[in-house]
Amino acid sequence: KLSSPVVPTATSTYHAVGETALCESSATPLLITVVPQVAPPTNVFSDPNPSCSGSPVNLSGTCAAGTIQWYSDAALTASVTSPVSPLATSTYYGVCQVGNCKSTSSPVQVSVYAALSAPTSLAANPNPVCLGTPTTLSAICATGNLTWYSDAALTNIIGSIVTPTVATTYYAICTNGSCKS
């Protein structure tokens with residue numbers, strides 16, 4: 001006779017019988033399948049890392065058995081799907097899951113650059129400028145590096161000294177790695 005609950009360490013069959021003071025019913029078998037302990041994920045990483053605030057980041061890892069599941073908390077209560085788009089540096093937790101069984105978690109930290117502010121104090125000196133005369137563009141970035149463009153699509157980088165032949169608008173952004181204001 002066993003008392004309930006039981007804690008099997010391997011797949012086992014238990015038999016239940018009904019009893020009265022003098023009588024016992026025939027036994028009914030109950031198979032309890034025990035899944036081996038699931039190994040945690042290996043090779044966990046995020047790409048890109050570091051990332052820009054709000055940009056998509058792919059979470060990856062390898063499970064020897066089962067499928068990987070991601071969580072945004074160490075208690076494994078808030079599941080997330082990859083890619084994630086963190087606004088600040090965050091840690092995600094990967095577990096391998098087989099049926100209802102989960103491994104211990106493997107954390108991966110995603111470093112996030114803070115959102116960049118647009119440049120301020122934009123100026124051209126001199127302005128206005130005579131045809132064929134250079135002017136120097138200037139601006140201030142609170143963080144990051146200043147980059148000038150000749151087009152609103154930000155495809156053509158230019159230097160800070162320009163010689164426009166007609167009235168022209170130039171565009172400035174602040175950059176930090178691959179992050180842009």
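What follows is a walk through the disulfides, backbone oddities, strand pairing and pockets of this predicted model.

The cysteines make a good place to start. The count comes to three disulfides, and with the bonded cysteines numbered in sequence order, the pairing reads 1-6, 2-3, 4-5. The 1-6 link is the one formed by Cys52 and Cys179, whose sulfur atoms sit 2.0 Å apart. The link of Cys52 and Cys179 is left-handed, with -105° about the S-S bond. Cys52 belongs to strand β4 and Cys179 to strand β18 (residues 179–180), so this pair ties together parts that are 127 residues apart in sequence. Both ends are tucked away: Cys52 is buried at a relative accessible area of 13%, and Cys179 is buried at 4%.

Next comes the disulfide of Cys63 and Cys96, with sulfur atoms 2.1 Å apart. The link of Cys63 and Cys96 is left-handed too, at -95° about the S-S bond. Here the pair connects distant parts of the chain, with Cys63 in the loop between β5 (58–62) and β6 and Cys96 in strand β8, 33 residues apart. Cys63 is buried with a relative accessible area of 18%, which puts Cys63 under the 20% cut-off, while Cys96 is buried at 0%.

Cys141 and Cys174 make up the remaining disulfide, and their sulfur atoms are 2.1 Å apart. With -100° about the S-S bond, the link of Cys141 and Cys174 is again left-handed. It joins distant parts of the chain: Cys141 lies in the loop between β13 and β14 (145–149), Cys174 in strand β17 (residues 171–176), and the two are 33 residues apart. Cys141 is buried at 17%, and Cys174 counts as buried at 0% relative accessibility. By contrast, Cys23 is exposed, with a relative accessible area of 53%, and Cys130 is exposed at 56%.

Now for the backbone. Most residues other than glycine have a negative phi, and most peptide bonds are trans. A few spots in this chain break with that habit. The peptide bond from Asn49 to Pro50 is cis, with omega near 5°, and Pro50 lies in the loop between β3 (42–47) and β4 (51–52). Another cis peptide bond joins Ser82 and Pro83, with omega about 10°; Pro83 sits in the loop between β7 (79–80) and β8 (90–98). As for phi, Asn43 is not a glycine, yet its phi is positive at about 55°. Asn43 is found in strand β3 and is exposed, with a relative accessible area of 55%. Leu76, also not a glycine, has a positive phi of about 60° and lies in the loop between β6 (67–71) and β7.

Towards the start of the chain, strands β1 (residues 12–16) and β2 run antiparallel and are joined by five bridges. In β2, Thr28 is the bridge partner of Ala16. None of the five residues of β2 (residues 28–32) is buried, so this strand lies largely in the open.

That brings in the pockets. The largest pocket holds about 330 Å³ of space. It is lined by 14 residues, and the closest to its centre are Leu2, Tyr14, His15, Ala16 and Val17. The elements giving two or more residues to this lining are β1 and β2. The lining of the largest pocket splits into seven nonpolar, four polar and three charged residues.

The second largest pocket has about 250 Å³ of space. Of its 16 lining residues, the closest to the centre are Asn127, Val129, Pro164, Ala167 and Thr168. Two or more residues each come from β12 (120–125) and β13 (135–140). The lining of the second largest pocket counts 12 nonpolar, four polar and no charged residues.

Terms used: Residues are numbered from 1 along each chain as its sequence is written. This is a predicted model: local features need pLDDT of at least 70, side-chain atom pairs count only at pLDDT 80 or more; totals for chains, interfaces and linings use all residues. Side-chain values use heavy atoms; hydrogens and water are left out. Buried means under 20% relative accessible area, exposed over 50%, partly exposed in between (1.4 Å probe, protein chains only). Helices (H or I, at least four residues) and strands (E, at least two) are DSSP runs, numbered from the N terminus. Two strands pair if DSSP finds at least two bridges between them. On a 1 Å grid over the protein atoms alone, a cavity is a set of points where a 1.4 Å probe fits but cannot get out, and a pocket is an open set with protein on both sides within 12 Å along at least five of seven lines; lining residues have an atom within 4 Å of a point. Grid points are joined across faces, edges and corners, and a volume is the space filled by probe spheres set on the points. Ala, Val, Leu, Ile, Met, Phe, Trp, Tyr, Cys and Pro count as nonpolar, Asp, Glu, Lys and Arg as charged, and the others, Gly among them, as polar. A disulfide is a pair of cysteine sulfur atoms within 2.5 Å.
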